[in-house]
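Biologist: I would like a close look at a single part of this model, and after that a connected account of how the other parts read beside it. Please keep the reasoning explicit throughout.

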Amino acid sequence: MDIWFVVSNTIVLACIYGTLAIGVSITWSSLGLLNLAYGFIFAFAGYGAWLFAQHVSSWGPAVLASGVLSGALGGLFVCALAFIPIHDKPNFTIRGLIATLAINLIGTQSLLWWFGPRSKSLPEIFGTWKFSLSGMTLTADKVGNVITSVVMLLLVLRWMRSSRRGLEIRAMMMNPHAASIVGIGVRRTSFYVMALTGALAGLAAVLLSQTYYISPFGGLTAMIKAVSIALCGGLGSVQGAVIAAVVLGLNEALTTVSIGGRYVLITQFLMIILILLVRPRGIAGILDRAREA
């Protein structure tokens, strides 16, 4: 077994999956919405970047930025359709689950109708260079994926710690009821939350497109993994999502090397079941008790 190949793949997968899972965790802990339209936002952002590369510019950073902006636009679209109209209705959690699932199904079918079944590919954003370090070969896409993911997450965390809107989101993550009492508007803040998490999905879509093709249903697996990692880490916990992303990234890299990539989902769900049996609230579960009341 090539241990360095496993290590490098684990780091890359953990960065990309962590980006997706953190978006799911932020949406849940601040809005109480388990966003099952994440797969549609992921695919929508991928096609947005592809259209930009085809008709405007194929310059890597510009394509990356177009994917992030497309993801943010997709998040705003889902917020307007699935959160604003029903967030103050009874059984919002179930209603939101069904509404976002419906958007995901309708959205992916619309992408299939518009773009057709043939997969699309993006240009190589980070170039084609590579180098060896202590026996480990690092390619441009791996290095670029890790650096871009880490920088994006650091910028998001800094924005949430220093800006007024970011502090409002953090207040809603800690206690939505208390946040509304002190005047933080749920509707206004929800647009910031959905744009932010949509942008994270857009970033992940462009980064994964360096390995996989863009397709209408390409976001399905990404959504399953993002929700699984968020559940495994403990819904509402950013730290838990990061730890779970590393654990499941290592599991995927080991499974791919040892028995083949087609068994990845099987071993991942076995791992998740095992973790949830030991820690029912996830690795760092801090399920909001205010929502359970």
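How many residues apart in helix α2 are Phe40 and Phe44, and about what part of the helix separates them?

Modeller: The model is a predicted one, and the values that follow should be read with that in mind. Phe40 and Phe44 are 4 residues apart in helix α2, which spans residues 38-55, and they are therefore separated by about one helical turn. To describe how their rings sit, it helps to recall that a pair of aromatic rings is described by the distance of the centres and the angle of the planes. The structure as a whole has 6 aromatic pairs. Phe40 and Phe44 form an aromatic pair with 5.7 Å from centre to centre and 40° between the planes, which makes the pair tilted. A plane angle under 30 degrees would count as stacked and one over 60 as edge-to-face, so the 40° of this pair falls into the remaining class.

The two residues also carry separate burial labels. Phe40 has a relative accessible area of 7% and is therefore buried, the limit for that label being under 20%. Phe44, with a relative accessible area of 28%, is partly exposed. Phe77 joins Phe40 and Phe44 in one aromatic cluster.

From the aromatic rings I turn to the charged side chains. A search of the whole structure finds 5 salt bridges, and Glu168 takes part in several that can be followed one by one. With Arg164, the side chain of Glu168 meets in a salt bridge at 3.6 Å, N to O; the two residues lie in helix α6 (residues 164-174), 4 residues apart, or about one turn of the helix. With Arg165, Glu168 forms a salt bridge in which the closest N and O atoms are 3.4 Å apart, and here the spacing within helix α6 is 3 residues, again given as about one turn of the helix. The salt bridge between the side chains of Glu168 and Arg188, at 3.4 Å, N to O, links distant parts of the chain, since Glu168 is in helix α6 and Arg188 in helix α8, 20 residues apart. Taken together, Arg164, Arg165, Glu168 and Arg188 are linked in a network of salt bridges.

The accessibility of the members of this network varies from residue to residue. Glu168 counts as buried because its relative accessibility is 8%, whereas Arg164, at 62%, counts as exposed. Arg165 counts as partly exposed at 24% relative accessibility, and Arg188 is likewise partly exposed, with a relative accessible area of 36%.

The space between the helices deserves the next step. Rolling a probe the size of a water molecule over the atoms shows where empty space is left. The largest pocket has a volume of about 650 Å³. Its lining is made of 33 residues, and those that lie nearest its centre are Tyr17, Leu208, Thr211, Tyr212 and Glu252. The elements that give two or more residues to this lining are α1 (3-31), α2, α5 (140-162), α8 (186-208), α9 (218-233), α10 (238-258) and α11. Helix α2, the home of Phe40 and Phe44, is thus one of the contributors to the lining, while the largest share, 6 residues, comes from α1.

Helix α11 can be followed to the surface. Ile259, Tyr263, Ile266, Leu270, Ile273, Leu274, Leu277 and Val278 form a nonpolar patch there, with about 830 Å² of accessible area together. Val278 has its place in helix α11, residues 264-278, and is exposed because its relative accessible area is 64%, where the label requires over 50%. Phe269 also lies in helix α11, but with a relative accessible area of 36% it is partly exposed. The C-alpha atoms of Phe269 and Val146 are separated by 25 Å, with their positions 123 residues apart along the chain.

One backbone detail remains. Asn91 is found in the loop between α3 (60-83) and α4 (92-115), and its phi is near 55°, a positive value in a residue other than glycine. At 59% relative accessibility, Asn91 counts as exposed.

How values were computed:
Residues numbered from 1 in each chain as written. Predicted model: local features only at pLDDT ≥ 70, side-chain atom pairs only at ≥ 80, totals over all residues. Heavy atoms only, no water. Patch = residues over 30% accessible without salt bridge, like charges linked within 9 Å, V, L, I, M, F, W, Y side chains within 5 Å. Areas by Shrake-Rupley, 256 points an atom, 1.4 Å probe, with all protein chains shown as cover. Salt bridge = Lys/Arg side-chain N within 4 Å of Asp/Glu carboxyl O. Buried < 20%, exposed > 50% of the residue type's maximum accessible area, 1.4 Å probe, protein only. Phe/Tyr/Trp six-rings, centres within 6.5 Å; stacked < 30°, edge-to-face > 60°. 1 Å grid on protein atoms, 1.4 Å probe; cavity = no way out; pocket = protein on both sides within 12 Å on 5 of 7 lines; lining within 4 Å. Points joined across faces, edges and corners; volume = space filled by probe spheres on them.
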